[in-house]
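Okay, thanks for coming, everyone. Let me put the structure up, and then we'll walk through it together.

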Amino acid sequence: MPFKPEIVAPGGNLEKALIALDYGADAVYLAGKAFGLRKSAENFTETELALIISKARDMGRNIYVTLNGFAHNEDIAALPEFLDMLNRVQPMACIVSDFGVANCVKTHTSIPIHTSTQASITNAYAAQLWKDLGAKRVVTARELSIEECARIKRDVGIEVETFIHGAMCASYSGKCTISNYTSGRDSNRGGCVQSCRHPFRMTDENPAESDETGITAHIMNAKDLGAIDQVKRCIEFEIDALKIEGRMKSNLYVANAVNTYRTLLDESHDLKTAREQINAVSNREFSNGFLEQHNGSEAISFDWNGYQKGVQFIGTIKQAVGESYLIQVKSPTPVSTPFMAISPGCALAPITITGAEDLNHDAISELAPNSCAIIRTSRPLGQNSIIVKAVS
Ligand code: SF4
């Protein structure tokens, strides 16, 4: 069978993790209520973890729990109790950055360890050290090319995972203290407030020697990583896993990103369709990060005008009701709007809502925000299909 990397998708909450699995993620990474580096995401209770792990196991997929903060002494004191909980639910791996956390996971559990990108592994010696400590996989530093990742795999004999999609930032593999200084929140313990995304004003200290009076620009606003064109090389170099960033992103983002890379890897869509598909949903400008060459100023969006937005999220199909569908509506819109829908394995394509009623079966002409409705559509949909409309 031809080599195919694992797609590792973000699961910010239970709904998003289920969407990621439905759209074809081989693995979902997510966090419990502590230690997960995304304090603002909803994250998972023990009950939810047990549910998603059981569901993934039934589907032959994987759930990886992130414990990737840099723990201080007062943080790590609570870790054994958290690991007792993980021992009960048995995820397929823990993702760690900190040697202390790794040591604690190794001592208290037999759960496999993946080393997080925050560990900034850039060479074979570092990867070998983590392998000697028991790591099964390293998620390499974001600053490595595909060839550099492949060389680590070859030299060390360890699984390698690289980021292929999502937000990049100006820090070194996510290690950053800007938010500590600007807002008193620690990025390395889950508190990043994205201070780097603001515009900064630069002035010349010697104005007499220059015509410049200063400029204001988004000097640290890294473009998003989008590696549609690099997937083929990742396969050629046998990179074991391709990671999509975005535990804080929307259901639509997760569905569309997973769908795009899934259909590309399965060769059910070509590169052109994949590019159109990935560009259809809200994003910053894309660059291919460091996957082919080391980044320069071309990977920064200096003139930031907000997200590029091709479509607006309207709602998610929760289940079939006879030949109709129960939709959970997020944004209000007339039923007569020209819609598009995305479903597992199918790119965004036009769809018509041919009839709609509320839960009392009274006909409606508007989909109300934060409500549920029953709709009939011009073509079949599945659970977790997502309805959107174009924005100009
Ligand atoms: S403040 Fe910006 S550079 Fe620092 S971790 Fe957050 S997103 Fe990255």
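I'll go from the domains to two helix pairs and finish with the ligand site.

First, a caveat: this is a predicted model, so please keep that in mind throughout.

Let's start with the domains. The assignment for the protein chain splits it into domain 1, covering 6–173 + 221–299, and domain 2, covering 311–390. Their C-alpha centres sit 31 Å apart. The contact between them draws on 18 residues from domain 1 and 12 residues from domain 2.

So which elements of domain 1 give two or more residues to the side that touches domain 2? Those are α1 (14–22), α10 (251–265) and α11 (271–279). Of these, α10 gives the most, with six residues. And if you look at the make-up of that side of domain 1, you get seven nonpolar, 10 polar and one charged.

Now, stay with α1 and α10, since they also pack on each other. The angle is about 20 degrees, and the axes are 9 Å apart. Anything under 35 degrees counts as roughly parallel, so that's what we call α1 relative to α10. The crossing of these two is right-handed. On the α1 side you'll find Glu-15, Lys-16, Ile-19 and Ala-20, and they meet Asn-251, Val-254, Ala-255 and Val-258 of α10. By class, that contact has five nonpolar, one polar and two charged residues.

Next pair: α6, residues 124–132, and α7, residues 146–156. Here the axes come within 9 Å and the crossing is at roughly 50 degrees. That makes α6 oblique to α7. What's the handedness of the crossing of α6 and α7? Right-handed. The residues to click on are Ala-124, Ala-127, Gln-128 and Lys-131 in α6, which meet Arg-151, Ile-152, Asp-155 and Val-156 in α7. The class count for the contact of α6 with α7 is four nonpolar, one polar and three charged residues.

Last stop, the ligand. Which cysteines are among the residues around the ligand? You've got Cys-169, Cys-176, Cys-192 and Cys-196. The serines there are Ser-171, Ser-179, Ser-187 and Ser-195. Then there's Ala-170, Gly-174, Ile-178 and Gln-194 to complete the list. Split by class, the shell has six nonpolar, six polar and no charged residues.

That's the tour. Over to you for questions.

Methods: Residues numbered from 1 in each chain as written. Predicted model: local features only at pLDDT ≥ 70, side-chain atom pairs only at ≥ 80, totals over all residues. Axes fitted to C-alpha atoms, helices over the stretch in contact; angles between N-to-C directions. Helix = DSSP H or I, 4+ residues; strand = E, 2+ residues; numbered from the N terminus. Parallel < 35°, antiparallel > 145°, perpendicular 65-115°, else oblique. Left-handed = near helix turned anticlockwise from the far one by under 90°. Contact = placed C-beta atoms within 7 Å. Nonpolar A, V, L, I, M, F, W, Y, C, P; charged D, E, K, R; others polar. Near = placed C-beta within 6 Å. Domains from an automatic or database assignment.
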